[in-house]
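Notebook open, coffee poured. I'm going through this one spot by spot and jotting down what I find.

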Amino acid sequence: MVLDAALILAGLAGLIVGAEFLVRGGSAIASRLGVSPLLVGLTIVSIGTSMPELAVGIDASLNDAGPLAIGNIAGTNIVNLLLILGLSAALVPLALGRQTIRLDLPVMTVSALLLLVLSLNGDLNRLDGVLLLAVAVAYTVTAIRVEVKARASPTVTDELPATGGPVWGRVLELLGGIVLIVLAADWLVRGSVDVATELGVSEAFIGLTVVAIGTSAPELTTTIMSTLRGNRDLAIGNLIGSSVYNITFILGVTALVRPLEVTDDLIRVDLPLMAAVALLCIPVFLSGRRVSRYEGVAFVALYLVYLGLLIAFRT
């Protein structure tokens, strides 16, 4: 048990450090291209901070722990939207742009509902994986097209500042982050599965709690730092983009590696809850196109209630 706990802690630490390297390197490279913070948040940073989920998902599927992979995504998205978005809005109210309302919010909600429908037969097969990946590609292409159109406007002035240092150093930083994330994910999954077995709790529960909170650490760090530095577009883009890519890209790739089992608890409780949280964002986001401090505190409170119920009834 002690060795397993050490593996989990080492895995969590490695995921956080690796994601930091990946995001810093990717963001620096993107800034050289002169793209906006929102697009960087929606693409480079979102995919970068979702790399722990991808590594955990692939490793879990190869170890026949499909419920852990899906539970991790459901739990991570709930953490992203209720806890991290809530904390960010509680610090400083979040103003929402037109693209977030017209593109990112609908795609996030549709992705959550699509995953729920695809899971109703008890598994995510390779065809489901292809469909989810198609949504990820379409979303990315659309976001880039919107950005290119915005770049053509002379009123756009939200470029990231140029980052110093040689490009090759940033590339090495990005690649090093990926390697560290892959290694750390293996430690985290092995330790988590062993602990779940010894404690007699399900792999899905471990994925919804320990692994979900752990793999959300990069999003938490990125969002809070972006908030404190006044880069709100990067913070919002990171959270919404990560929530989309977790479902479409991460589970799409994972299902292609090996079909994933979806347990009854995930179908009846966790995936519907994830979809409900995405649906909850619609009236909150549309009311004045902002997330107020009050709404942020309410989101955090909802997450704490959810976590308490999860521990009380699933252990």
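**Entry 1: Asp 270.** I started by looking up what Asp 270 touches. Skipping residues up to four places away in sequence, I get Ala 74, Ile 78, Leu 208, Asp 265, Tyr 306, Leu 310 and Arg 314. Asp 270 itself sits in helix H10. Is Asp 270 buried or exposed? It's buried, because its relative accessible area is 0% and the cut-off for buried is under 20%. Note to self: this is a predicted model, so I should check the confidence too.

**Entry 2: confidence.** The chain averages a pLDDT of 81, and 82% of the residues score at least 70. Where is confidence lowest, and where is it highest? The low end is helix H8 (residues 217-228), with a mean of 69, while H10 takes the top spot at 94. I also marked residues 155-162, where pLDDT stays under 50. For that stretch the model has 17 contacts beyond four places in sequence.

**Entry 3: the tyrosines.** Tyr 306 was on my contact list for Asp 270, and I followed it up. I counted 2 aromatic pairs. One of them is Tyr 303 with Tyr 306, a tilted pair at 5.9 Å centre to centre, with 50 degrees between the planes. Why tilted? The angle of 50 degrees falls between the cut-offs, since stacked needs under 30 degrees and edge-to-face needs over 60. Both tyrosines belong to helix H11 (residues 293-314), 3 residues apart, which is about one turn of the helix. Tyr 303 and Tyr 306 are both buried.

**Entry 4: a cavity.** Next I went looking for enclosed space and found 2 cavities of 30 Å³ or more. I picked the second largest, which holds about 40 Å³. Which residues line the second largest cavity? I wrote down Asn 77, Leu 81, Met 108, Ala 112, Ser 243, Ile 247, Met 274 and Ala 278. The elements giving two or more residues to this lining are helices H3 (66-91), H4 (98-119), H9 (232-257) and H10 (264-286). By class, the lining has 6 nonpolar and 2 polar residues, and no charged ones.

**Entry 5: Ala 278.** I zoomed in on one of the lining residues, Ala 278, which is back in helix H10. Ala 278 counts as buried because its relative accessibility is 3%. Leaving aside neighbours within four places in sequence, Ala 278 is in contact with Leu 81, Leu 105, Met 108, Thr 109 and Ala 112. I then checked Met 108: it is 170 residues from Ala 278 along the chain, yet their C-alpha atoms are separated by 6.9 Å.

How values were computed
Residues are numbered from 1 along each chain as its sequence is written. This is a predicted model: local features need pLDDT of at least 70, side-chain atom pairs count only at pLDDT 80 or more; totals for chains, interfaces and linings use all residues. Side-chain values use heavy atoms; hydrogens and water are left out. On a 1 Å grid over the protein atoms alone, a cavity is a set of points where a 1.4 Å probe fits but cannot get out, and a pocket is an open set with protein on both sides within 12 Å along at least five of seven lines; lining residues have an atom within 4 Å of a point. Grid points are joined across faces, edges and corners, and a volume is the space filled by probe spheres set on the points. Helices (H or I, at least four residues) and strands (E, at least two) are DSSP runs, numbered from the N terminus. Ala, Val, Leu, Ile, Met, Phe, Trp, Tyr, Cys and Pro count as nonpolar, Asp, Glu, Lys and Arg as charged, and the others, Gly among them, as polar. pLDDT is the predictor's confidence in each residue, from 0 to 100. Contact means heavy atoms within 4.5 Å. Buried means under 20% relative accessible area, exposed over 50%, partly exposed in between (1.4 Å probe, protein chains only). Rings of Phe, Tyr and Trp (its six-membered ring) pair if their centres lie within 6.5 Å; planes under 30 degrees apart count as stacked, over 60 as edge-to-face and the rest as tilted.
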